Amino acid sequence: MAEGTLTAGYLRPKWGIAAEAGFERSLPSNLHHKLLWEHYPEIRDGWYSSTGGNYKFGLAANYTFPGLSIF
């Protein structure tokens, strides 16, 4: 699996906020369907290319009290 993420934000001593954006993609897979041949005779063995990926977005904030941080 390959993944790339970018996080950017504004942080102060007592509080902060950050945004995150990323993309992850699975790599090609080599599959062998030994147990499925009986029920699905047309199934193929071999390499399957990646079928896509997932985008992810997020927002994070934090606030610090004396002796306690909340994320």
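Me: Hi! What share of the area that the protein chain exposes is supplied by carbon and sulfur atoms?

Reply: A word on the basis: this is a predicted model, where local features need pLDDT of at least 70, side-chain atom pairs count only at pLDDT 80 or more, and totals for chains, interfaces and linings use all residues. Residues are numbered from 1 along each chain as its sequence is written, and side-chain values use heavy atoms, with hydrogens and water left out. Accessible areas come from the Shrake-Rupley method with a 1.4 Å probe, and for residues only the protein chains shown count as cover. The protein chain exposes about 6,200 Å², and the share from carbon and sulfur atoms is 62%.

Me: Which order do the elements of the protein chain follow from the N terminus on?

Reply: Helices (H or I, at least four residues) and strands (E, at least two) are DSSP runs, numbered from the N terminus. By that count the protein chain has six strands and zero helices. From the N terminus on, the order is therefore β-β-β-β-β-β.

Me: Is the protein chain a compact globule or more spread out, and what is its radius of gyration?

Reply: The C-alpha atoms fill a box of roughly 65 × 20 × 15 Å along the principal axes. For 71 residues the globule rule (2.2 Å times the number of residues to the power 0.38) gives 11 Å. The chain is more spread out than a compact globule, because its radius of gyration, taken over C-alpha atoms, is well over that value, at 22 Å.

Me: What percentage of the 71 residues in the protein chain is buried?

Reply: Buried means under 20% relative accessible area, exposed means over 50%, and partly exposed lies in between (1.4 Å probe, protein chains only). With that cut-off, the buried share of the 71 residues is 11%.

Me: In which order do the four strands of the open sheet lie?

Reply: Two strands pair if DSSP finds at least two bridges between them. In this open sheet the pairing is antiparallel. The edge strands, each pairing on one side only, are S1 (2-11) and S6 (68-70), and neighbouring strands are turned by 20° against each other on average, direction ignored (axes are lines fitted to C-alpha atoms, for helices over the stretch in contact, and angles run from 0 to 180 degrees between N-to-C directions). The order is S1-S2-S5-S6.

Me: How many bridges pair S2 with S5?

Reply: Strand S2 covers residues 15-25. Its partners across to S5 include Ala 21 opposite Phe 57, Gly 22 opposite Lys 56 and Phe 23 with Tyr 55. S2 and S5 pair in the antiparallel sense, and the number of bridges is 11.

Me: And how many bridges pair S1 with S2?

Reply: A hairpin with three residues joins these two strands. One of the facing pairs is Ala 8 with Ala 19 in S2. The pairing is antiparallel, and the number of bridges is 10.

Me: Which residue takes a positive phi in the hairpin of S5 and S6?

Reply: S5 and S6 run antiparallel and are joined by three bridges, with Ile 70 in S6 as the bridge partner of Tyr 63. The hairpin has two residues between the strands. The positive phi is near 85°, and the residue that takes it is Gly 67.

Me: Which backbone nitrogen lies 2.9 Å from a polar atom of the Asn 62 side chain?

Reply: Asn 62 is found in strand S5 and is buried, with a relative accessible area of 18%. Its contacts (heavy atoms within 4.5 Å), not counting residues up to four places away in sequence, include Trp 15, Ile 17 and Phe 71. The backbone nitrogen at 2.9 Å belongs to Gly 16.

Me: Which residue's backbone oxygen lies 2.9 Å from the side chain of Ser 50?

Reply: Ser 50 is found in the loop between S4 (46-48) and S5 (53-65), and it is buried at 17% relative accessible area. A polar contact is a pair of N or O atoms within 3.5 Å; within protein, one must be able to donate a hydrogen and the other to accept it, and residues adjacent in sequence count only if both atoms are side-chain atoms. The side chain of Ser 50 reaches the backbone oxygen of Gly 52 at 3.4 Å. The backbone oxygen at 2.9 Å is that of Ser 26.

Me: How far apart in space are the C-alpha atoms of Gly 53 and Arg 25?

Reply: Gly 53 is found in strand S5 and counts as partly exposed at 36% relative accessibility. The two residues are 28 apart in sequence, yet the C-alpha to C-alpha distance is 4.2 Å.
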